Amino acid sequence: MRIILAGAGGAIGIPLTGALIHAGHEVIALSRTADNAPAGTEPLVADALNHEGLLRAAAGMRADAVIHQLTALKKAPMRHRDMAATNRLRVEGTANLIALAQEVGATSFLTQSMIFGYGYGDLGPRALTEDDPFGQPGHGPFHDHIDAMRSTEQQAFAADGIEGIALRYGIFYGAAGDPSIDQIRRGKLPVPKGGIMSRVHVEDAASATVAALERGRGGQAYNIVDDEPASWRDYYCALAEAYGASAPRAVPAWLLKATPYLHAIFRTARLAPRGLERASHGPPWTSSASNRRRAPSRVFSLTPSESATQQRRA
């Protein structure tokens with residue numbers, strides 16, 4: 001397939017580009033400058049927030065699918081305002097990219113959503129699945145972030161002539177240039193215990209995205225997370241051990257209250273990877289820092305969620 005990938009130079013975009021090419025697909029990398037297009041891709045230079053300019057740049061182009069992986073996050077968000085530009089990409093950017101998909105004749109549209117659409121803070125001990133409520137209002141200062149995730153999903157599901165799929169990723173880890181690695185090595189990263197968080201290695205996220213592209217069902221949302229969640233402190237202790245560093249200093253979570261968005265992230269609970277069942281000969285969860293990948297024979301099989309279908313009918 002010919003795939004337009006928006007965000008090809010990002011944390012997940014880089015491994016996703018490689019995974020798509022390895023699977024035999026052609027990748028057209030949408031970015032604001034040609035320099036951001038990864039090797040092996042065809043550049044499409046345009047701003048996803050400029051509707052007319054985007055369609056003008058793609059005039060005469062044909063593609064089978066569009067994948068939306070755009071964010072505006074250069075580092076971990078700490079305050080609510082740090083999410084504003086990414087929220088805009090999930091609302092306005094999604095609308096423009098769907099228009100692009102229709103312009104180039106694409107029949108599939110995959111969009112990046114996140115597990116935080118289920119809510120922020122302590123969500124209880126039960127592992128959540130795609131059938132749990134997503135994008136519900138009434139979350140105070142977190143409303144804009146959740147509303148943006150709901151928007152990108154609902155736009156994808158409702159697009160005329162397009163099979164829309166939402167990918168609800170866990171917290172990414174394993175990205176090239178992760179600044180926390182250097183902080184861990186230098187003993188400069190104090191870590192609160194925090195909640196039990198669902199994560200996903202960026203290369204596993206890329207593999208799951210290819211599986212969703214090739215075998216996913218339109219109108220569906222899929223959790224893309226590791227089989228076993230882990231606390232923030234357990235994760236960073238594993239990271240430190242893998243790099244031969246001392247365990248990070250423990251601090252109480254209340255110290256993060258000055259950065260309310262980050263404080264909520266450290267208290268968010270777990271999800272179950274029900275939608276993307278993963279069969280593997282390796283351990284159920286392994287820190288990427290250990291440099292031990294899950295077995296390459298891992299297989300992704302897609303099972304549909306009911307909630308996304310219900311959202312589409314609503």
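**Exercise 1. Contacts along the chain**

Task: Among contacts in the protein chain between residues at least 6 apart in sequence, what percentage join residues at least 24 apart?

Solution: In this predicted model, the count begins with contacts between residues at least 6 apart in sequence, and 77% of these join residues at least 24 apart. As a next step, one can set beside this the make-up of the protein chain, which has nine helices and 13 strands, and the share of buried residues, which comes to 53% of the 314 residues. The accessible surface of the protein chain is about 13800 Å², and 51% of it belongs to carbon and sulfur atoms.

**Exercise 2. Strand S5 and its partners**

Task: How many of the residues of S5 are buried, and which strands pair with S5?

Solution: Begin with the general pattern, which is that side chains in a regular strand alternate between the two faces of the sheet. In S5, one side carries Ser108, Leu110, Gln112 and Met114, the other side carries Phe109, Thr111 and Ser113, and all of them are buried. The count is therefore seven of seven, so S5 is largely enclosed by the rest of the structure.

The next step is to look at the pairing. S4 pairs with S5 in the parallel sense over four bridges, with Ala65 as the bridge partner of Ser108 and Ile67 as that of Leu110. Strand S6 (residues 163-169) is also parallel to S5 and is joined to it by seven bridges; here Gln112 stands opposite Leu167.

Finally, follow the pairing from S4 to strand S1 (residues 2-6), which runs parallel to S4 and is joined to it by four bridges, with Ile4 opposite Val66. In S4 itself, Ala65 and Ile67 point one way while Val66 and His68 point the other way, and all are buried.

**Exercise 3. One side of helix H7**

Task: Which residues of helix H7 are buried, and why can they be said to lie on the same side of H7?

Solution: First list the buried residues of H7 (residues 232-242), which are Trp232, Tyr235, Tyr236, Leu239 and Ala240. They lie on the same side of H7 because they cover an arc of only 135° around the axis. The spacing follows a general rule: an α-helix has 3.6 residues a turn, so residues three or four places apart point the same way.

Then consider the rings, since Trp232, Tyr235 and Tyr236 form one aromatic cluster with Tyr173. Arg199 lies over the face of Trp232, at 4.6 Å from the ring centre. After the end of H7 comes Gly244, whose phi is positive, near 70°.

**Exercise 4. A stacked pair of rings**

Task: What is the angle between the planes of Phe116 and Tyr120?

Solution: A search of the whole structure finds seven aromatic pairs. One of them is formed by Phe116 and Tyr120, with 5.2 Å centre to centre and 10° between the planes. Planes under 30 degrees apart count as stacked, and this pair is accordingly stacked; both residues are buried.

**Exercise 5. The setting of Pro137**

Task: Is Pro137 buried or exposed?

Solution: The relative accessible area of Pro137 is 58%, and the cut-off for an exposed residue is over 50%, so Pro137 is exposed. As for its place in the chain, Pro137 lies in the loop between strand S5 (108-114) and helix H4 (143-158). Leaving aside neighbours within four places in sequence, Pro137 is in contact with His143 and Arg150. Asp147 is ten residues away from Pro137 in sequence, and their C-alpha atoms are 7.4 Å apart.

Conventions:
Residues are numbered from 1 along each chain as its sequence is written. This is a predicted model: local features need pLDDT of at least 70, side-chain atom pairs count only at pLDDT 80 or more; totals for chains, interfaces and linings use all residues. Side-chain values use heavy atoms; hydrogens and water are left out. Helices (H or I, at least four residues) and strands (E, at least two) are DSSP runs, numbered from the N terminus. Buried means under 20% relative accessible area, exposed over 50%, partly exposed in between (1.4 Å probe, protein chains only). Contact means heavy atoms within 4.5 Å. Accessible areas come from the Shrake-Rupley method with a 1.4 Å probe; for residues, only the protein chains shown count as cover. The arc is that of the directions from the helix axis to the C-beta atoms. Two strands pair if DSSP finds at least two bridges between them. Rings of Phe, Tyr and Trp (its six-membered ring) pair if their centres lie within 6.5 Å; planes under 30 degrees apart count as stacked, over 60 as edge-to-face and the rest as tilted. A charge sits over a ring if NZ of Lys or CZ of Arg is within 6 Å of the ring centre and within 35 degrees of the ring normal.
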